Amino acid sequence: MNKHQKLIIITAPSGAGKTSIVKRLMQTNLPLGFSISACTRTRREGEVDGKDYYFISAESFKQKIQKNEFAEYEEVYEGSFYGTLNSEIERIWNNDEAVLFDIDVQGALHLKETFKEKALTIFIKPPSIEVLIERLTNRNTESEESLKKRIGKASIELQYEAKFDQVVENIELDKAFLETQTLIINFLFNATT
Ligand code: 5GP
């Protein structure tokens with residue numbers, strides 16, 4: 001098996017800090033390729049199509065479901081679909097890199113079920129639900145309705161911690177990043193598979 005035919009799946013409730021950790025990991029010289037998901041939500045300011053996400057229409061998303069192009073997909077929030085394309089995993093493996101994911105809890109569990117020991121799942125845990133709500137609110141990227149949806153979903157997702165291979169508590173970003181990086185190095189280079 002190719003040493004890097006592996007998957008590193010970072011998951012967390014929205015607002016726990018997983019995207020910041022993933023962005024930092026992409027700045028290291030670890031052999032990681034970021035899995036760009038397809039999604040149907042509107043692009044936020046500063047986001048780039050084909051870099052942060054492939055922003056596609058609901059129609060196009062449905063066609064890809066029918067053509068079995070997704071390794072997993074979810075309606076993460078009502079009316080907003082997100083999914084991992086099989087072609088992304090292939091693209092990154094062909095580059096001799098491990099695939100790095102920033103996806104929701106259900107998507108992470110789904111990929112683990114498919115790829116088993118090839119996948120390492122890391123759950124980023126916020127210090128408390130209060131801190132999570134504060135971070136989500138201060139981010140200022142969401143409408144009030146979207147914020148409510150995210151807080152509701154995050155409270156449920158917090159209960160999933162035990163289902164993942166590793167848990168990293170994000171009290172301080174620098175520490176959480178270093179801890180995550182060490183777990184990945186161990187998995188990529190010290191594991192027996
Ligand atoms: P956001 O709208 O904040 O970019 O993302 C919302 C949630 O969807 C986040 O938890 C994000 O990690 C998750 N997400 C992003 N891409 C995917 C994907 O391909 N599949 C799944 N299941 N969730 C995703």
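In what order do the strands of the open sheet with parallel pairing run? Here are my notes, with that one taken up at the start; bear in mind that this is a predicted model.

1. **The five-stranded sheet.** The order is β2-β7-β1-β8-β9, an open sheet of 5 strands with parallel pairing. The edge places go to β2 and β9 (166-169), and each of these has a single partner strand, so one side of each is left without a neighbour in the sheet. On average, and with direction ignored, neighbouring strands here are turned by 25 degrees against each other.

2. **One pairing to look at.** If you want a place to start in that sheet, try β1 (residues 7-11) and β8 (residues 119-125), which run parallel and are joined by 5 bridges. Click on Ile9 and you'll find Thr121 of β8 standing opposite. As a reminder, strands of a sheet pair through backbone hydrogen bonds, either parallel or antiparallel.

3. **Helices on the five-stranded sheet.** Helix α7 (residues 173-190) lies across β1, β2, β7, β8 and β9, and its run makes about 170 degrees with β8. Helix α3 packs on this sheet too, touching β1, β2 and β7, with its direction at about 145 degrees to that of β7.

4. **Gln181, a residue of α7.** Gln181 sits in helix α7. Is Gln181 buried or exposed? Its relative accessibility is 18%, and the cut-off for buried is under 20%, so Gln181 counts as buried. Leaving out residues up to four places away in sequence, Gln181 touches Leu25, Thr28 and Leu30. Val22 is also worth a glance: 159 residues separate Gln181 and Val22 along the chain, yet their C-alpha atoms are 9.8 Å apart.

5. **The four-stranded sheet.** There is also an open sheet of 4 strands, in the order β4-β3-β6-β5, and its pairing is mixed. Here β4 (53-55) and β5 are the edge strands with a single partner each, so one side of each has no neighbour in the sheet. The average turn between neighbouring strands is 25 degrees, direction ignored. Strand β3 (residues 37-39) pairs with β6 in the antiparallel sense over 2 bridges, and Cys39 stands opposite Tyr82 in β6.

6. **Helices on the four-stranded sheet.** Helix α2 (residues 58-66) packs on this sheet and touches β3, β5 and β6, its direction making about 140 degrees with that of β5. Helix α3 turns up again here, touching β4, β5 and β6, at about 35 degrees to the direction of β6. So have a look at α3 with both sheets on screen: it packs on the five-stranded one and on the four-stranded one.

7. **The β5-β6 hairpin.** β5 and β6 pair in the antiparallel sense over 6 bridges, with Thr84 in β6 as the bridge partner of Glu72. The hairpin has 2 residues between its strands, and Gly79 takes a positive phi near 85 degrees. Although β5 is an edge strand, 6 of its 8 residues are buried, so β5 is largely enclosed by the rest of the structure.

8. **The largest pocket.** Its volume is about 1,200 Å³. The lining takes in 47 residues, and Thr19, Lys23, Arg44, Tyr53 and Asp102 lie nearest the centre. Elements giving two or more residues to that lining include α1 (18-26), β5 (70-77), β6 (80-85), α3 (86-94) and β7 (98-103). The largest share, 6 residues, is from α1. By class, the lining has 15 nonpolar, 13 polar and 19 charged residues.

9. **The second largest pocket, and Ser80.** This one holds about 220 Å³ of space. It has 14 lining residues, with Arg41, Ser80, Glu142, Ser146 and Arg150 nearest the centre. The elements that give two or more residues are β6 and α6, and α6 has the largest share with 4. The lining divides into 2 nonpolar, 5 polar and 7 charged residues. Ser80 lies in strand β6 and is buried, at 15% relative accessible area. Setting aside neighbours within four places in sequence, Ser80 contacts Thr40, Arg41, Glu74 and Glu75.

How values were computed:
Residues numbered from 1 in each chain as written. Predicted model: local features only at pLDDT ≥ 70, side-chain atom pairs only at ≥ 80, totals over all residues. Heavy atoms only, no water. 1 Å grid on protein atoms, 1.4 Å probe; cavity = no way out; pocket = protein on both sides within 12 Å on 5 of 7 lines; lining within 4 Å. Points joined across faces, edges and corners; volume = space filled by probe spheres on them. Nonpolar A, V, L, I, M, F, W, Y, C, P; charged D, E, K, R; others polar. Pairing = 2+ DSSP bridges. Axes fitted to C-alpha atoms, helices over the stretch in contact; angles between N-to-C directions. Contact = heavy atoms within 4.5 Å. Buried < 20%, exposed > 50% of the residue type's maximum accessible area, 1.4 Å probe, protein only.
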